Structures are given as C-alpha cells and as structure tokens.
Amino acid sequence: MELKPVSEFITDDAPERYIYDMQSKKHEIALSTKDLQVYYGDNLALSEGDLSFERYKITSLIGASGSGKSTFLRSLNRMNDGVATVKGNIMYRGVDINTKAIDVYEMRRHIGMVFQRPNPFAKSIYNNITFALTQRDHYTKEALDEIVETSLKQAALWDQVKDDLNKSALALSGGQAQRLVIARALALKPDILLLDEPSSALDPISSAQVEDTLLELKKQYTIIVVTHNMQQAARISDYTAFFHMGKVIEYDLTRKIFTRPKVALTNDYISGNFG
Ligand SMILES: Nc1ncnc2c1ncn2[C@@H]1O[C@H](COP(=O)(O)OP(=O)(O)OP(=O)(O)O)[C@@H](O)[C@H]1O
C-alpha cells in the first residue's frame, strides 16, 4: 500500500499550534515549564514554551537555526543565568527552580548538561569523572572507584578505557570524549540529562554510539536533547518539540510529529521546505 504524502494530512482548519497535554495524561512528569520567556537584552528570544517532559523518556527539540532550542534547553538548568533574563517557572519535583532561592550548583547535580563539542578537562580519564564530585564533598577512594566504573559503564565507555584510566582524556577520540563527558555528567547522579546537539560534531559511527548510549540511559534518566538531525530525533526520541522563531509550534509523540503532524509549519519543516 502506498502511503499518502504527509501534506495530505494537513487540512485548511489545521491548528497553528499544538502542544501535547502531558498534564492531563497519567504520565509521570520530570520537569515542566510555564510562561517561560527568555530575553537577551531587549530581544525576546523565547516565548510560549510551556512544555512538560515525561520521566524516563527522550524528548527531542528540533527547529531551524536560531529558533530558540538551545535557549530553551539552557534555561532548564539555569545555564542562561548572567547571559539572559529568564522569566517564568521551571517546575522540578514541585519546586520552581527559576528563583533566587535555588542553589544552582545543587540543582545542576539533579539536572546535568552535555554540550555539543566534547569538552573533556585536560586531566586523566579518572579525574575527569571525579573532579566535580570532589570539589564540594569528601569521598573515599573506593567510593570514587565505584562511581568512575559505574558512570563509564553507563556511558558505554568502560570496556574501552578501563586499563587507561590514568591516561589523559585529551587522547580520546571524539566519540569516546563525548561519552566521557556523558559519564562525567552521570557521576553526579542526575535525574535529568540535557544534551545540546551531542553528536553533531561526531562522525556517523561515533554518533550512532552516542545514540545507543542515550537509548540505554533512558531506562534511568529523563533525557532532553537538542538536535538538528531529524533522523536522529525520529530514531531516539519518544517526544519531539518543534521550535520556530522562539516559540514551540508543535509538541507531540515523535511518531506523530514525523508521520502525522497537526500543524502545517511542522510539516513544512520536516519535509525540508525550510531550515
Ligand atoms: N548569548 C546570546 N546573546 C544574544 N542573543 C543570543 C544569544 N544566544 C542566542 N541568541 C539569540 O537567540 C535566538 C535563539 O538562539 P538559539 O541559539 O537558542 O537558537 P537555536 O535554535 O538553538 O539555534 P542553533 O540551532 O543555531 O543553535 C537567536 O536569535 C540568537 O541570535
């Protein structure tokens, strides 16, 4: 049977926006935003971004360059503090974490971030993982060994580096370095992992390894990932949010976004008509 082109699903009375109503479903919500607005100076870069993220799922944020995906993602664990003015609520475990009362360092242990370019520290593989932990707290050598092993295993890197833990992390390949950075984030035992285009700087094989790692990690973590790669979004994510000009235009189950979007603009984007 031949499938109809996606455009035939879009009717004249299609909505201009559609946001999946997570709150009314029985899903467990790990994080949600309400009335989020982000200003760089006077420039309103993000508005109308009320989203809820289901626990133990992967959500992709897609959209053209400059649409506000990274701005949104970075706001979720206050990486925009000092760079932008972020108004609105970011609810995590019943607490608004977008307030002055929040210890941002502690909050980021719960909501970790991995950036686009692998950025290992100029330290050993072992010390990359333990560095943040030992800045504030005391751990025994045994406890640190255990965290290093567990984090590297979770990031699917242990087998490749277990005999080289004291070697410089700068000698790792791009894909290994990115998985080390993921392991470094996991060492803090976060609840939520935010990733900003984690595989766009990697070759296809390393990128596939990072994707496999994320699929494995979602058993224990809630993952929100910005990606330019729509095939990647379709492969790994449960939910997808489509951003356009600082707004979330459509948010739905990934399979619906890619096969039966409700909004014409989403259809244009996934069909490659712009972006
Ligand atoms: N540090 C900043 N200072 C000023 N304006 C910024 C800053 N970061 C982003 N912007 C602006 O905010 C808007 C959204 O940018 P953002 O980086 O969030 O988009 P994006 O969808 O993640 O794009 P890309 O895919 O290219 O990373 C753009 O107009 C951008 O120029």
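**Figure 1. Strand 2 meets strand 3 in an antiparallel hairpin.** In this predicted model, strand 3 covers residues 43–46 and is joined to strand 2 by three bridges. Look for valine 38, whose bridge partner in strand 3 is leucine 46. Two residues lie between the strands of this hairpin, and glycine 41 takes a positive phi near 60° there.

**Figure 2. Strand 2 also pairs with strand 6 in the antiparallel sense.** Here we follow strand 2 to strand 6, which covers residues 85–92. Six bridges hold this pairing in view. A handy landmark is lysine 34, which stands opposite asparagine 89 in strand 6.

**Figure 3. Strand 4 is another antiparallel partner of strand 2.** Strand 2 spans residues 29–40, and strand 4 spans residues 52–54. The two share three bridges. To find your way, start at isoleucine 29, which stands opposite glutamate 54 in strand 4. As you trace these neighbours, keep in mind that side chains in a regular strand alternate between the two faces of the sheet.

**Figure 4. Twelve residues can be sought around the ligand, among them Tyr40, Lys69 and Phe243.** Gly63, Ser65, Gly66, Ser67 and Gly68 belong to this shell, as do Ser70 and Thr71. Ala45 and Val83 are also among the residues around the ligand. Which helix gives the largest share of the shell? Helix 1, residues 69–76, does so with three residues. By character, the shell divides into seven polar residues, four nonpolar ones and one charged.

**Figure 5. The annotated domain mixes helix and strand.** UniProt, in an unreviewed entry, places the feature "domain: ABC transporter" at residues 31–270. Over that stretch the chain is 38% helix and 25% strand. The C-alpha atoms at its two ends are 26 Å apart.

**Figure 6. Stepping back, the protein chain holds ten helices and twelve strands.** Its radius of gyration is 19 Å, close to the 19 Å that the globule rule gives for 275 residues, so the protein chain is as compact as a globular protein of that length. Along the principal axes, the C-alpha trace spans about 65 × 50 × 35 Å. How much of the protein chain is made up of buried residues? They account for 41% of the 275 residues. Among contacts in the protein chain with a separation of 6 or more, 71% come from residues 24 or more positions apart.

Terms used: Residues are numbered from 1 along each chain as its sequence is written. This is a predicted model: local features need pLDDT of at least 70, side-chain atom pairs count only at pLDDT 80 or more; totals for chains, interfaces and linings use all residues. UniProt positions are given in the numbering used here, feature names are shortened, and annotations may be inferred rather than shown by experiment. Helices (H or I, at least four residues) and strands (E, at least two) are DSSP runs, numbered from the N terminus. The radius of gyration is taken over C-alpha atoms; the globule rule is 2.2 Å times the number of residues to the power 0.38. A residue is buried if 20 or more other C-beta atoms lie within 10 Å of its own, exposed if 12 or fewer, and partly exposed in between; C-beta atoms are placed from the backbone. Two residues are in contact if their C-beta atoms, placed from the backbone, lie within 7 Å. A residue is near a molecule or strand if its C-beta atom, placed from the backbone, lies within 6 Å of it. Ala, Val, Leu, Ile, Met, Phe, Trp, Tyr, Cys and Pro count as nonpolar, Asp, Glu, Lys and Arg as charged, and the others, Gly among them, as polar. Two strands pair if DSSP finds at least two bridges between them.
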